[in-house]
Amino acid sequence: MRAAISVIAEKGTAALRMSDIAERAGMSTGHILYHFGKKDRLLLEVLAWSQADLWTRLRQATDQAASPAEKLDLFVRFYLPSHQGDERYALWTQVLAQRHDEAGRHTLTTLLDGWDERLEAILREGRDLGHFADVDLTEFTIRAVAMLSGISEDVMFGRSRWQHTSAHAFALAALERELRR
């Protein structure tokens, strides 16, 4: 997985070849093909592995956070791409654009739902502690994740509006406005 991530970061998903990953991992191409079958499946598995790592880091960071507001800030930071061409978000874009069998759709749905679940937990904690307004958690989460996804696309595309304004600060302020008591 680490070999695949590093090759994807260097070459992108379009130019990615299984032989490049095999060479980087010190394995044969046949070995890579045996485990993943085809490039699309490999990309899906790398995405799932990458998300698990990201969520571990998010959980560790939120465990150290002093308040639900800090946890919300961290959620936005971890969700948004860090820069134009962010490899993690580029991988999401590539994998989402592919056709998937039922197992692939299930994996993607689980990954996407994972973001919603993490945000809802932060919102619930903030609401229960009296830090956030009593919003409809499901509706707010759908709108929030849709907004963050749209901003992410803008950042990845390199829209000029984000050259002088922090996408993170913009998104966090929008969410906080709705969550004020």
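**Exercise 1. Locate the salt bridge between arginine 41 and glutamate 45 in the predicted model, and state how exposed each partner is.**

Step 1. Arginine 41 and glutamate 45 both belong to helix α4 (residues 39-64), where they are four residues apart, about one turn of the helix.

Step 2. Their closest N and O atoms are 3.0 Å apart. A salt bridge requires a side-chain nitrogen of Lys or Arg within 4 Å of a carboxyl oxygen of Asp or Glu, so the pair qualifies.

Step 3. Arginine 41 has 26% relative accessibility and counts as partly exposed. Glutamate 45, at 25%, is also partly exposed.

**Exercise 2. Describe the salt bridge of arginine 57 with aspartate 53, then that of arginine 161 with aspartate 154.**

Step 1. Arginine 57 and aspartate 53 meet through their side chains at 3.3 Å, N to O. Both residues lie in helix α4, four residues apart, about one turn of the helix.

Step 2. Arginine 57 is partly exposed at 41% relative accessibility, and aspartate 53 is partly exposed at 38%.

Step 3. For arginine 161 and aspartate 154, the closest N and O atoms are 3.3 Å apart. Arginine 161 is partly exposed at 43%, whereas aspartate 154 is buried, with a relative accessible area of 13%.

Step 4. Lys11, Arg17 and Asp20 are joined into one network by salt bridges that share partners. A search of the whole structure gives 15 salt bridges.

**Exercise 3. Classify the aromatic pair of tyrosine 79 and tryptophan 115, and place both residues in the chain.**

Step 1. The whole structure holds five aromatic pairs. In the pair of tyrosine 79 and tryptophan 115, the ring centres are 4.9 Å apart, with 70° between the planes. Planes over 60 degrees apart count as edge-to-face, so this pair is edge-to-face.

Step 2. Tyrosine 79 is in helix α5 (residues 68-79) and tryptophan 115 in helix α7 (residues 102-128); with their positions 36 residues apart, the pair links distant parts of the chain.

Step 3. Tyrosine 79 is buried at 7% relative accessible area, and tryptophan 115 is buried at 3%.

Step 4. Tyr79 and Trp115 form one aromatic cluster together with Trp55 and Phe75. Arginine 118 lies over the face of tryptophan 55, at 3.7 Å from the ring centre.

**Exercise 4. Is each ring of the pair formed by tryptophan 162 and phenylalanine 170 buried or partly exposed?**

Step 1. The pair is edge-to-face, at 5.3 Å centre to centre and 70° between the planes.

Step 2. Buried means under 20% relative accessible area, so tryptophan 162, at 16%, is buried.

Step 3. Phenylalanine 170, at 43%, is partly exposed.

Key:
Residues numbered from 1 in each chain as written. Predicted model: local features only at pLDDT ≥ 70, side-chain atom pairs only at ≥ 80, totals over all residues. Heavy atoms only, no water. Phe/Tyr/Trp six-rings, centres within 6.5 Å; stacked < 30°, edge-to-face > 60°. Helix = DSSP H or I, 4+ residues; strand = E, 2+ residues; numbered from the N terminus. Buried < 20%, exposed > 50% of the residue type's maximum accessible area, 1.4 Å probe, protein only. Lys NZ or Arg CZ within 6 Å of the ring centre and 35° of its normal.
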